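Student: Could you walk me through this protein? I would like to practise reasoning from a structure to an answer.

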Amino acid sequence: MEYFDIMNTASLDVNLAFDQEIYNKFMQYKDMIKHWNEKINLTAIVEDEQIVKKHFIDCIKIFKCSPLKEAKNIIDIGTGAGFPGIPIKIIKSDINVVLLDSLNKRINFLNEVIDKIELKNISTIHGRAEDFSRKLDYREKSDVAVSRAVANLAVLSELCIPYVKVGGYFVAMKGPSVEEEIKDGKNAVSILGGKIEDIIEIEIEDSDLNHNLVVIKKVKETPKAYPRKAGTAMKKPLR
Ligand code: SAM
């Protein structure tokens with residue numbers, strides 16, 4: 001019960017219910033991260049309290065962004081060890097979640113987590129973000145795309161915005177200073193059919209961490225030319 005209260009407070013802060021069953025799932029997930037991290041590189045954060053604050057609570061706070069609460073299906077691009085997709089699924093089980101990552105070892109880990117903590121309506125994709133958003137089953141099909149710690153906003157927009165339905169949202173979880181990134185990425189967002197609607201500052205309980213959610217609304221279709229071939233967005237970011 002060590003972290004129950006702090007996680008409960010964080011959940012209340014975003015108006016979501018928290019209970020023992022949800023807490024137990026988070027603790028099982030934490031133990032699996034620590035266990036698998038001995039064999040494969042999942043995260044540099046290995047201490048229990050840090051996992052709870054810097055991963056779990058940080059991800060719960062994405063619900064400060066209201067379109068996420070209304071979303072029926074979301075895709076998490078470059079999910080790694082499952083952030084923010086798995087915490088989103090644990091705390092709000094009625095959202096359909098797709099977790100995508102190009103590293104198969106991490107996808108194997110995520111499949112095991114899904115199985116062990118019995119998460120439903122959640123699936124994984126092993127592949128490059130740029131390849132799957134060209135497929136009809138994925139292109140402009142998600143209510144919301146989310147992503148944390150994958151690339152700067154210009155690059156990330158090309159990886160994520162093509163998945164979002166017109167009228168939906170792309171929510172990028174970013175660090176404390178986003179002004180420069182937004183200045184550099186604004187044009188890319190617009191080329192890809194997005195419009196920056198809001199920047200929401202979030203705080204983590206009992207810590208001096210503060211982050212930003214960049215909330216981008218999809219206002220028109222992504223032109224067929226995007227995303228470019230895998231790797232191109234990173235090498236030549238849209239300006
Ligand atoms: N989102 C997680 C988090 O916040 O802890 C993981 C962040 S990790 C630094 C970046 C992840 O993005 C890695 O797991 C990597 O394999 C994945 N990634 C990077 N470029 C990608 C691409 N083009 N398509 C799919 N996954 C990608």
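Below, a student asks and a tutor answers, one topic at a time.

Student: What kind of model is this, predicted or experimental?
Tutor: Good place to start! Local features here need a pLDDT of at least 70. The model is predicted.

Student: How many residues surround the ligand, and which are closest?
Tutor: A residue belongs here if one of its heavy atoms lies within 4 Å of the ligand. The shell around the ligand divides into 6 nonpolar, 5 polar and 5 charged residues. In total 16 residues surround the ligand, and the closest are G78, F83, D101, R106 and R148.

Student: Which elements give two or more residues to the shell around the ligand, and what is the space taken by the ligand?
Tutor: Let us take the elements first. Strand 2 (96-101) and helix 7 (129-132) each give two or more residues to that shell. As for the space taken by the ligand, it is the largest pocket.

Student: How far is a polar side-chain atom of R106 from an oxygen atom of the ligand?
Tutor: Let us look at the ligand's nitrogen atoms before its oxygen. One nitrogen atom lies 2.8 Å from a polar backbone atom of G78. A nitrogen atom of the ligand is also 2.9 Å from an N or O atom in the side chain of E130. For the side chain of R106 and the ligand oxygen, the distance is 2.7 Å.

Student: How much of the ligand's accessible area does the protein cover?
Tutor: Begin with the ligand on its own, when its accessible area is 590 Å². The part of that area covered by the protein is 79%.

Student: Where is the cis peptide bond that involves P227?
Tutor: Most peptide bonds are trans, so a cis one deserves a look. One cis bond runs from F83 to P84, with omega near 5°, and P84 sits in the loop between strand 1 (73-77) and helix 5 (85-91). P227 is in another loop, between strand 7 (210-218) and helix 10 (232-235). Its cis bond, with omega about 0°, joins P227 to Y226.

Student: What is the phi of E118, and is E118 buried or exposed?
Tutor: Most residues other than glycine have a negative phi. E118 lies in the loop between helix 6 (104-116) and strand 3 (122-126), and its phi is positive, near 55°. Exposed means over 50% relative accessible area, so E118, at 55%, is exposed.

Student: What is the relative accessible area of A149?
Tutor: A149 is found in the loop between strand 4 (142-148) and helix 8 (153-160). Its phi is also positive, near 60°. A149 is exposed, with a relative accessible area of 73%.

Student: How many residues of helix 8 are buried?
Tutor: Buried means under 20% relative accessible area. Among the buried residues of helix 8 are L153, S157 and C160. The helix is mostly covered, and the count of buried residues is 8 of 8.

Student: How many residues of helix 3 are buried?
Tutor: Helix 3 spans residues 48-60 and is mostly covered. Its buried residues include D48, I51, H55 and F56. Of its 13 residues, the number buried is 10.

Student: Which backbone nitrogen does the side chain of E140 reach?
Tutor: E140 is in the loop between helix 7 and strand 4. With a relative accessible area of 18%, E140 falls under the 20% cut-off, so it is buried. Its side chain reaches, at 2.9 Å, the backbone nitrogen of T222.

Conventions: Residues are numbered from 1 along each chain as its sequence is written. This is a predicted model: local features need pLDDT of at least 70, side-chain atom pairs count only at pLDDT 80 or more; totals for chains, interfaces and linings use all residues. Side-chain values use heavy atoms; hydrogens and water are left out. Buried means under 20% relative accessible area, exposed over 50%, partly exposed in between (1.4 Å probe, protein chains only). Helices (H or I, at least four residues) and strands (E, at least two) are DSSP runs, numbered from the N terminus. A polar contact is a pair of N or O atoms within 3.5 Å; within protein, one must be able to donate a hydrogen and the other to accept it, and residues adjacent in sequence count only if both atoms are side-chain atoms. Accessible areas come from the Shrake-Rupley method with a 1.4 Å probe; for residues, only the protein chains shown count as cover. On a 1 Å grid over the protein atoms alone, a cavity is a set of points where a 1.4 Å probe fits but cannot get out, and a pocket is an open set with protein on both sides within 12 Å along at least five of seven lines; lining residues have an atom within 4 Å of a point. A molecule sits in a cavity or pocket if more than half of its atoms lie within 2 Å of its grid points. Ala, Val, Leu, Ile, Met, Phe, Trp, Tyr, Cys and Pro count as nonpolar, Asp, Glu, Lys and Arg as charged, and the others, Gly among them, as polar.
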